[in-house]
Amino acid sequence: MSTTTTRDLASPAPAKATSAKPRRGLRGNRTFNFWLFIGPFLLGLMIFVYVPIGWSIYLSFFEARFTVTPSKFVGFDNYTYMLTNPDFVGSLGTFTVFAAFIVPTTWALSLGLALLVNRLRFMRAFFRSVFFLPTACSYVAAALIWKMSIFSGVRFGLMNTIIGWFGVDNIAWLSNPSPPWYWFVIVTARLWLQSGFYMILFLAALQNIPGELYEAAAIDGAKPGWQTFRYITLPQLRATSTAVILLLLIAAYQAFDEFFNLLSKTTWGRPPLVELYYTALGENQDYGAGSAGAVILTLLIIIVTLFQGKLMGFGRSEEAK
Amino acid sequence: MSAMSNSNWSRRSIFRAAAGMAAAGTLAACGGNNGRGGSGGSGKNLTQMFHAYGEAGTEQAIKRYAKAYSKANVATQWITSSDYESKLFATLLTKNAPDMFEFHPQIQMVKSGQVADLSDIIDPVKADFNPADIASHTVDGKIYGVRMIDDPQFFFYRPSLLEKAGVKVPETLDELIEAAAKLTTGKVKGLYIGNDLHAVINPMIWSAGADTLNAQNQIAYHTPGVIEGIKKMRKLFTSGHLLLDAPTDYWDPSALNQGLCAIQFCGMWAMPQFQKALGDDIGIFPFPKTIDSGKQSVYNGGWSMFVNAKGANVDAAKEYVKWLWIDQKKDQEDWATSYGFHIPPRASIAAGATKLKSGLPAEGVKLFNEFGHFDNIGWTQAMITALEDVFANSVRKGGDPEASLDKADTAVNRELKKLFG
């Protein structure tokens, strides 16, 4: 059961500084070693992350239809177009609401799971793996399972079978947007896919809370259960919670796969990225407007993240310990 | 002293940084030139792109035809994703674009120079082709694609179920809605027209006495009849008698074959599978009249072969298309009748296609001739999407049809202006 020991992510064992032996040649050379280890990653980062980002910003100022090497400079036209495009602005609005809902829900569910698993006396590794496994599942595969077997509209779909036992008629979960059952499908898929991963983060943090705190609290008369949770566990998880909420927020705005696969050919429930996909890569192939939208979305994520960090004290995590 | 050691350090580090950057630059250059280009060869290698046909044996057939060709190696890309057109459009912009591909005639591909003029290979046999198919591929007297198959689309129904429910074959949209209600039982839904209903958009418009575009390439779908049709479709959609979220789409015969519905919108291609599963208990009828003054309609869809005009092997690709889709009549007949049923666009092949001469297939051919509407080359993907949005907003969502048609008008007019000025 070596897997049960979890290392503190926030403060790993300090790396032993190599003793500065006066040695000739490249092997002992720190600068060389620095580039040796950083170089490949830096190179990958440059080619696959920074260059595309830069290119995208460049494209957003040009009329780039059917090409990624445009020549016609249009200034902020693409930005005006995207910001006055009701579909794109609408999707930003929808997904702000979506984020406001999915972030706390996923946070609460993964924290709940972590608390439950942490309490287990036996089979802890088993349950931890069971809840973590969905993280390894591809979003596309999950979307297909959700669409074809669980939320299929026919009478033998899993959910329709279950509600059939209670005498409820079949529901067209995805085709029919009123009532908007598709949100239920998407939220369940997303929770299933994501909770496990954040559960692991919480579990690691829970195991790092010193037992003495609970003992001291017990001596001072704190009742186990809610009181201990509210005044010891939750404050101790502050750093992890902040990080989890941050990641969840970014993930909510970057939602793509399950929406694209579950809601093809709709005009509703389109996240910003799906909207941008249709703008930039659909029949219009408008890379300029698409890039402008991507930049707007990035700025929005940055602003929300900074605001949230300010609110919850990201970067001040050490104090919470 | 500290200053001295500092400058010493920085001189070295500058050198190293420079060397590092030079190395990075070299590698980056390698990354940029990642072997996509190598298509400038002898023209002996060709690629062709097909959407995945649902019938067993189709992929093998296409590869078998290609293998028999001696003048070039023809590789086949068989695209299984549901949005073949986006995949095709995206690929055509890259250097990985196929030399030949199948698609429907759409004028923006001609205007942007993506498809090659095939008049010289078609002209000698032009008289043999269905004139409507020639017309739908012609722009300014030049023919841009070779029709491989014509696929009429209509409703398939099970006469036994209609008889049991006391329903006659519907001739108007109102009758269809009523039939769907009567045919719906605990386990079987009355009607299936696909999960997104998009397959019946054009038939609904034609059956309302309207059209997508008129002869002058102006909007012709925005009529009171179409608005009435959209309202009726909304009524049908919300009735609870429509099969929705089925595991397979309208083009797959499973919904009717597995007893999920009593009537299904599908196409000629699936006829052999229907007959195999249901025997004689299968009949067909065209899309009913949307309004009383309208006329029943059938969408004569189908697939055509195009040559990528921007590819490196235009001539070799044209030669292959001529060899297979003009000269090899045996293969053309095999393709049209051995897997799914399709109507051969060439009179000489249709005349010999005995499988289509009697019974249900013959009825399908009759509907094709009597009620059929062919593709309009001026009706492009962006316009198709615009009307799909109308159906999404006003049939599946309860939006006002007039407002969503106005929105579509804006999109279609922008596209028309780009294409025709």
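Start with chain B as a whole: of its 421 residues, 45% are buried. The model is a predicted one. Colour chain B by secondary structure, and 18 helices and eleven strands can be picked out. A contact map of chain B, restricted to separations of 6 or more, has 74% of its contacts between residues 24 or more positions apart.

**Stop 1: the two domains of chain B**

Select residues 45-151 together with 300-374 of chain B for domain 1, then 152-296 together with 379-420 for domain 2. Taken over C-alpha atoms, the centres of domain 1 and domain 2 of chain B are 26 Å apart. Where they touch, domain 1 of chain B contributes 24 residues and domain 2 of chain B contributes 20.

Stay on the domain 1 side of that contact. Helix 4 (107-111), strand 6, strand 10 (298-307), helix 16 and strand 11 (372-374) of chain B each supply at least two of its residues. Which element gives the largest share of this side? Helix 16 of chain B does, with seven residues. Colour the domain 1 side by residue type to see eight nonpolar, ten polar and six charged residues.

**Stop 2: helix 12 of chain B**

Next select residues 271-278 of chain B, which form helix 12, and show the side chains of the buried residues B:Met271, B:Gln273 and B:Phe274. Look down the axis of helix 12 of chain B: the buried residues line one face of the helix, because they fall within an arc of 160°.

What do the buried residues of helix 12 of chain B pack against? Add strand 6 (146-157), helix 11 (254-257) and helix 16 (359-371) of chain B to the selection, as these are the elements they pack against. Two of the names recur from the previous stop: strand 6 and helix 16 of chain B also supply residues to the domain 1 side of the domain contact.

Then step past the end of helix 12 of chain B to B:Gly279, which follows the helix and has a positive phi, near 65°.

**Stop 3: the contact between chains A and B**

Show both chains and select the residues in contact: 31 belong to chain B and 27 to chain A. On the chain B side, look at helix 1 (2-32), helix 3 (84-92) and helix 17 (381-396), each of which supplies at least two residues. Helix 17 of chain B provides the largest share of this side, eight residues. By type, the chain B side consists of twelve nonpolar, eleven polar and eight charged residues.

Note on methods. Residues numbered from 1 in each chain as written. Chains lettered and ligands numbered in written order. Predicted model: local features only at pLDDT ≥ 70, side-chain atom pairs only at ≥ 80, totals over all residues. Helix = DSSP H or I, 4+ residues; strand = E, 2+ residues; numbered from the N terminus. Buried ≥ 20, exposed ≤ 12 C-beta atoms within 10 Å, placed from the backbone. Contact = placed C-beta atoms within 7 Å. Arc of directions from axis to C-beta. Nonpolar A, V, L, I, M, F, W, Y, C, P; charged D, E, K, R; others polar. Domains from an automatic or database assignment.
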